[in-house]
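Open the structure in your viewer and keep the sequence panel visible. Each stop below says what to select and what is there.

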Amino acid sequence: MLFRSMCKTEVERCGSLAVRRIGESPEYDIIGTISLSGEFKGQILMTMGRAPAKFIVKNFQGEDVENDSDLEDAFGEIINMISGSASAKLGKIKIAPPSVFMKDEPKVQGVKSCTWMLIPFKFNDFRFNIEVSIKEVQE
């Protein structure tokens with residue numbers, strides 16, 4: 001898995017699947033989003049707090065990040081590698097370049113307009129979610 005090889009971190013599933021309903025904000029501060037189009041339309045999010053994001057970014061880059069802007073950039077690189085790996089496996093589904101933003105930015109309104117399936121994960125003492133909102137495109 002990418003976390004093991006690039007971020008030197010073992011990740012495991014924890015807890016049960018959950019649902020985040022329309023209008024609810026993501027639980028964590030930093031949000032990486034991958035948009036899907038083609039046979040299916042939707043988004044995949046990776047959401048986590050600042051502390052775990054800084055931890056994986058430090059393991060990935062080998063140095064601490066100084067501010068939220070640097071954290072977003074480095075987190076975006078990790079999301080980009082995840083999306084690149086996923087795109088090779090998804091066939092006719094197209095993946096847009098990922099974007100990263102903080103929970104308190106206006107862009108969060110877009111991810112509050114859908115219902116999401118939350119898949120909880122953990123590494124060390126940190127938790128994060130992969131969130132999926134997808135629908136089949138009818139032709």
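Which side chain meets the side chain of E12 in a salt bridge? Select E12 and K122: their side chains form that salt bridge, at 3.8 Å from N to O. Keep in mind that this is a predicted model.

**Stop 1: the two ends of the first pair**

Colour strand 1 (residues 12-13), where E12 lies, and then strand 7, which holds K122. The two residues are 110 apart in sequence, so their salt bridge ties together distant parts of the sequence. E12 has 46% relative accessibility and therefore counts as partly exposed. K122 counts as partly exposed too, at 29%.

**Stop 2: colour by confidence**

Colour the protein by pLDDT. The average is 83, and 86% of the residues score at least 70. Strand 7 (residues 116-123) has the highest confidence, at 91. Now select helix 4 (residues 108-111), where confidence is lowest, with a mean of 62.

**Stop 3: two helices joined**

Select D68 and R50. They form a salt bridge whose closest N and O atoms are 3.0 Å apart. D68 belongs to helix 3 (residues 68-87) and R50 to helix 2 (residues 50-61); the pair is 18 residues apart and links distant parts of the chain. D68 is partly exposed because its relative accessibility is 29%. For R50 the value is 27%, so R50 is also partly exposed.

**Stop 4: another pair, and a network**

Next, select D64 and K58. This is another salt bridge, with 3.7 Å between the closest N and O atoms. Both partners count as partly exposed: D64 at 49% and K58 at 39%. Then add D29 to a selection of R50 and D68, since salt bridges with shared partners join these three into one network. The full count of salt bridges is 5.

**Stop 5: a residue inside**

Is T47 buried or exposed? Select T47, which lies in strand 4 (residues 40-48). T47 has 0% relative accessibility, so T47 is buried; the cut-off for buried is under 20%.

Show the neighbours of T47. Leaving out residues up to four places away in sequence, T47 touches P26, Y28, I30, I31, F128, N129 and E131. Finish with E131: its side chain makes a polar contact with the side chain of T47, at 3.2 Å.

Terms used:
Residues are numbered from 1 along each chain as its sequence is written. This is a predicted model: local features need pLDDT of at least 70, side-chain atom pairs count only at pLDDT 80 or more; totals for chains, interfaces and linings use all residues. Side-chain values use heavy atoms; hydrogens and water are left out. Helices (H or I, at least four residues) and strands (E, at least two) are DSSP runs, numbered from the N terminus. Buried means under 20% relative accessible area, exposed over 50%, partly exposed in between (1.4 Å probe, protein chains only). A polar contact is a pair of N or O atoms within 3.5 Å; within protein, one must be able to donate a hydrogen and the other to accept it, and residues adjacent in sequence count only if both atoms are side-chain atoms. Contact means heavy atoms within 4.5 Å. pLDDT is the predictor's confidence in each residue, from 0 to 100. A salt bridge is a side-chain nitrogen of Lys or Arg within 4 Å of a carboxyl oxygen of Asp or Glu.
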